Amino acid sequence: MIKLGSVPFLNVKPLVFPLEEKLVQHDFLISYTSPSNLSTLLLDKEVDLGLIPVAELVKRGNYTIVPNISISSYGKVDSVVLLTRTEIKELKTVAVDVRSQSSTALLRIILEVFNKLSPIYIRREANEKFLDDVDGGMLIGNTGLKLRYFPPDGYRVFDLGEIWTNETGLPFVYAVYAVNEGIKLGRNLYALEMAKSIGLKIVKKIAKIESEKIGFSEEICLRYLTERIRYDLGEKEVTGILTYAKLLSDLDENRRIPDLKIYSE
């Protein structure tokens, strides 16, 4: 069996639902955890491949990437949001979702590079006290999606995917399938490609099933999966990753711009 790590968010369902439901033949043992913990599991070789945050990919640089598949957006993403009581320019303290790597790094780019700010970041669990005693907070995943539509009273919602695309003209890639060194996927590479293809064909069914599980309307789930999240990894997405890596290296002198290596047998 090949150990595949994923995250428990709505946006991955078109990629993993066909695997879960055995609509595609495969040899995966699938597990779910937060993006930050999944990065650790992949690094420690507790999983063989994982749908990891791009921030981890550009930090490590020692993984190969499954071709043609990503979790990305071009413009609004809806599930990576910054909630504030003020204008962005006035932020001094910002809570960040502890589950996040790529989006926290994206927030740093937006605040420090695009807006020339130097806020204090406070890592917190995404619970009822998340926004206590801070000027704003960044949340991801299903929690971020919920707050995009139902923010607390008095808060404005800024979509980080939209800000990124407005500033760069590029898609933002949140996650890719990264493969550990020495792992041979065999027929499972084709299984990943087929799962994506089938998942996108039955996305209405997936939206209906997941809406009942997470308590969102079917309309919100379907809009999110068809109009916000994109699943390809083409030239523009690769350029988006490299631009992101360059901006992160400008913020951190110890970072380097990685060579993106595509998996092949």
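Which strands does helix α4 (residues 102–114) lie across, and at about what angle does it run to β6? That was my way into this model, which is a predicted one.

**Entry 1: the sheet and α4**

I looked up α4 first. It lies across β5 (81–84), β6, β7 and β8, and it runs at about 155° to β6. Next I wanted the sheet itself. It is an open sheet of five strands, and I read the order as β7-β6-β8-β5-β9, with mixed pairing. At the edges I find β7 (120–124) and β9 (156–159), each of which pairs on one side only. From one strand to the next the twist averages 25°.

I then picked out one pairing to look at by itself. β6 (residues 93–97) and β8 (residues 136–139) pair in the parallel sense, and I get three bridges for them. Ala 95 is the residue I used as a marker here: it stands opposite Gly 137 in β8.

**Entry 2: α6**

Which strands does α6 lie across? I find helix α6 (residues 160–168) across β5, β8 and β9, and its angle to β9 is about 50°. I noted that β5 and β8 turn up in the list for α4 and in the list for α6.

**Entry 3: α4 against α6**

I checked how these two helices pack. The angle is about 50° and the axes are 11 Å apart. Angles under 35 degrees would count as roughly parallel and 65 to 115 as roughly perpendicular, so I log α4 as oblique to α6. The crossing is left-handed.

For contacts, I have Ser 103, Leu 106, Leu 107, Ile 109, Ile 110 and Phe 114 on the α4 side, meeting Leu 160, Ile 163, Trp 164, Glu 167 and Thr 168 of α6. By class I get eight nonpolar residues, two polar and one charged in this contact.

**Entry 4: α4 against α10**

At what angle do α4 and α10 pack? I get about 65°, with 10 Å between the axes. The roughly perpendicular class covers 65 to 115 degrees, and α4 and α10 are therefore roughly perpendicular to each other. This crossing is left-handed.

On α4 the contact takes in Ser 102, Ala 105, Leu 106, Arg 108, Ile 109, Glu 112, Val 113 and Phe 114; on α10 I list Tyr 244, Leu 247, Leu 248 and Leu 251. Sorted by class, that makes nine nonpolar, one polar and two charged residues. Leu 106, Ile 109 and Phe 114 are in my contact list with α10, and they are also in the one with α6.

**Entry 5: aromatics**

How many aromatic pairs are there? I count five. One I looked into is Trp 164 with Tyr 244, which is edge-to-face at 6.3 Å centre to centre, with 80° between the planes. Trp 164 belongs to helix α6 and Tyr 244 to helix α10 (residues 235–251), so to speak a link between distant parts of the chain, 80 residues apart. I had already met both on the α4 side: Trp 164 among its α6 contacts, Tyr 244 among its α10 contacts.

**Entry 6: α8 and α9**

Last stop was α8 (residues 203–214) with α9 (residues 218–228). Their axes come within 8 Å and cross at roughly 130°. Only angles over 145 degrees count as roughly antiparallel, so α8 and α9 go down as oblique to each other. I noted a right-handed crossing.

Here Val 203, Lys 204, Ile 206, Ala 207, Lys 208, Ser 211 and Ile 214 of α8 meet Glu 218, Cys 221, Leu 222, Leu 225 and Thr 226 of α9. My class split for this contact is seven nonpolar, two polar and three charged residues.

Notes: Residues numbered from 1 in each chain as written. Predicted model: local features only at pLDDT ≥ 70, side-chain atom pairs only at ≥ 80, totals over all residues. Heavy atoms only, no water. Axes fitted to C-alpha atoms, helices over the stretch in contact; angles between N-to-C directions. Helix = DSSP H or I, 4+ residues; strand = E, 2+ residues; numbered from the N terminus. Left-handed = near helix turned anticlockwise from the far one by under 90°. Contact = heavy atoms within 4.5 Å. Nonpolar A, V, L, I, M, F, W, Y, C, P; charged D, E, K, R; others polar. Pairing = 2+ DSSP bridges. Phe/Tyr/Trp six-rings, centres within 6.5 Å; stacked < 30°, edge-to-face > 60°.
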